[in-house]
Amino acid sequence: MRLANAFALGLLITGCSPAPMPPALQAHAKQAAPSLRLAGAPNFRDIGGYETENGGKVRTGIAYRSDQINLLGDADLAALDALHPAAVVDLRTATERQREPDRVPPGVDYVVLDVAADSTESLGGDMRLAMTQIAQGQGEALLVAANREFVTLPSARQSYAGLIRLILSSKRPVIFHCTAGKDRTGWATAIILTLLGATRETVLQDYLLSNERLAAKNASTLSAVAASQSNIPPAYLEPVLTVKAKYIEAAFFEVYRTYGSFDKYARDGLGLSEEEIQGLREKFLSS
């Protein structure tokens with residue numbers, strides 16, 4: 001069984017709700033750009049709308065993050081096409097792409113940037129091993145390790161740098177996604193928002209918003225998954241289905257442990273030049 005399916009199975013069997021956004025972050029939720037509310041991709045949203053630490057604002061209509069888009073209906077696909085995207089960037093593994101190929105509007109470039117291609121222990125590794133870890137109650141540890149790998153894996157560093165360069169070079173919007181749109185996609189968004197000068201609180205707000213956006217999607221298939229009579233305790237599944245602050249904090253910790261600062265991670269880990277970073281800010285930020 002794929003880990004992505006295990007994610008979905010978890011909340012569906014348990015019927016538990018994802019952790020709510022802390023009140024301190026709820027107060028800032030109005031900064032986020034409105035969602036398109038796609039029926040087949042509830043975690044599809046603009047990464048813009050947020051204010052930065054220096055008083056700027058992240059422009060909307062430049063980049064969108066999403067969960068899987070293979071489930072888009074015709075109306076959803078038309079809404080996607082109306083954004084006039086230049087490209088859809090798929091951050092998923094080969095197995096995910098083969099089993100659930102994207103629905104992409106005609107004329108839109110389809111780009112694969114497999115974040116976890118080099119992984120042998122978490123999202124890109126042996127899914128049977130992942131299920132064993134979950135069954136042993138190690139799901140939370142699995143997601144912490146995955147987020148650290150988003151910083152350290154060569155495939156992750158190359159993928160995230162490639163995404164940023166694609167956004168920089170595109171004259172039309174870019175859509176990037178994984179399966180749930182919360183982990184690989186979550187770190188991609190965190191990188192961009194951090195480089196743009198968003199506070200850690202804002203980055204965390206955007207990250208935790210996935211719990212709200214995915215709740216209904218998971219609940220809708222509860223009965224079907226419950227009928228599977230899984231032998232994995234429900235409490236073991238909830239940590240891998242939702243996002244927790246400690247997951248993305250593990251990625252930030254790895255950045256500072258390995259590189260000493262986020263600027264050095266951008267420069268030495270992602271290989272971005274000062275000109276590219278400045279270009280990203282000029283493209284996204286308004287006063």
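Let me start with helix 6. At 1.5 Å a residue, its 14 residues should span 20 Å, and the end C-alpha atoms are 20 Å apart, so expectation and model agree. I should say at once that this is a predicted model.

Staying with helix 6, the buried residues are Gly139, Leu142, Leu143, Val144, Ala146, Asn147, Glu149, Phe150 and Val151. I pick out asparagine 147, which is part of this helix. Its relative accessible area is 0%, and the cut-off for buried is under 20%, so asparagine 147 counts as buried. What does asparagine 147 touch, not counting residues up to four places away in sequence? The answer is Asp183, Tyr207, Tyr247, Ile248, Ala250 and Ala251.

Now helix 7, residues 154-169. The same check on length applies here: 16 residues at 1.5 Å a residue should span 22 Å, and the end C-alpha atoms are 22 Å apart, which agrees. Buried in helix 7 are Ser155, Ala156, Ser159, Tyr160, Ala161, Leu163, Ile164 and Ile167. Which elements cover them? The cover includes three strands, namely strand 3 (63-66), strand 4 (87-90) and strand 6 (174-177). It also includes helix 6 (139-152), helix 8 (184-195) and helix 14 (274-284).

Some totals, for context. The protein has 14 helices and seven strands. Of its 287 residues, 54% are buried. The accessible surface is about 12100 Å², with 52% of that belonging to carbon and sulfur atoms. If we take contacts between residues at least 6 apart in sequence, 75% of them join residues at least 24 apart.

Next, charges. Side chains of opposite charge can pair when their charged atoms come close. The structure holds twelve salt bridges, and I will go through three of them and one network.

The first on my list is glutamate 96 with arginine 184, at 2.8 Å from N to O. This pair links distant parts of the chain: glutamate 96 is in helix 4 (residues 94-99) and arginine 184 is in helix 8, 88 residues apart. Are these two residues buried or exposed? Glutamate 96 is buried, at 6% relative accessible area, and arginine 184 is buried too, at 5%.

The next is glutamate 276 with arginine 165, where the closest N and O atoms are 2.7 Å apart. Here helix 14 supplies glutamate 276 and helix 7 supplies arginine 165, and the two residues are 111 apart, so this is again a link between distant parts of the chain. Arginine 165 is partly exposed, with 34% relative accessibility.

The third is glutamate 254 with arginine 257, with the closest N and O atoms 2.5 Å apart. Both residues sit in helix 12 (residues 245-259), three residues apart, which is about one turn of the helix. An α-helix has 3.6 residues a turn, so residues three or four places apart point the same way. Even so, the burial of the two partners is not alike: glutamate 254 is buried at 5% relative accessibility, whereas arginine 257 is exposed at 56%.

The network consists of Arg45, Arg65 and Asp206, linked by salt bridges.

Last, the rings. A pair of aromatic rings is described by the distance of the centres and the angle of the planes. The count comes to seven aromatic pairs. One of them is phenylalanine 44 with tyrosine 64, which is stacked, at 5.5 Å centre to centre and 20 degrees between the planes. Phenylalanine 44 lies in the loop between helix 2 (23-26) and strand 1 (45-46), while tyrosine 64 lies in strand 3, 20 residues apart. Both phenylalanine 44 and tyrosine 64 are buried.

Another pair is tryptophan 187 with phenylalanine 252, which is edge-to-face: the centres are 5.0 Å apart and the planes are at 80 degrees. Tryptophan 187 is in helix 8 and phenylalanine 252 in helix 12, 65 residues apart. Tryptophan 187 and phenylalanine 252 are both buried. Ring pairs also join these two with Tyr259, Phe262 and Tyr265 in a cluster. In addition, arginine 200 lies over the face of phenylalanine 252, at 3.7 Å from the ring centre.

Note on methods
Residues are numbered from 1 along each chain as its sequence is written. This is a predicted model: local features need pLDDT of at least 70, side-chain atom pairs count only at pLDDT 80 or more; totals for chains, interfaces and linings use all residues. Side-chain values use heavy atoms; hydrogens and water are left out. Helices (H or I, at least four residues) and strands (E, at least two) are DSSP runs, numbered from the N terminus. The expected span of a helix is 1.5 Å times one less than its number of residues. Buried means under 20% relative accessible area, exposed over 50%, partly exposed in between (1.4 Å probe, protein chains only). Contact means heavy atoms within 4.5 Å. Accessible areas come from the Shrake-Rupley method with a 1.4 Å probe; for residues, only the protein chains shown count as cover. A salt bridge is a side-chain nitrogen of Lys or Arg within 4 Å of a carboxyl oxygen of Asp or Glu. Rings of Phe, Tyr and Trp (its six-membered ring) pair if their centres lie within 6.5 Å; planes under 30 degrees apart count as stacked, over 60 as edge-to-face and the rest as tilted. A charge sits over a ring if NZ of Lys or CZ of Arg is within 6 Å of the ring centre and within 35 degrees of the ring normal.
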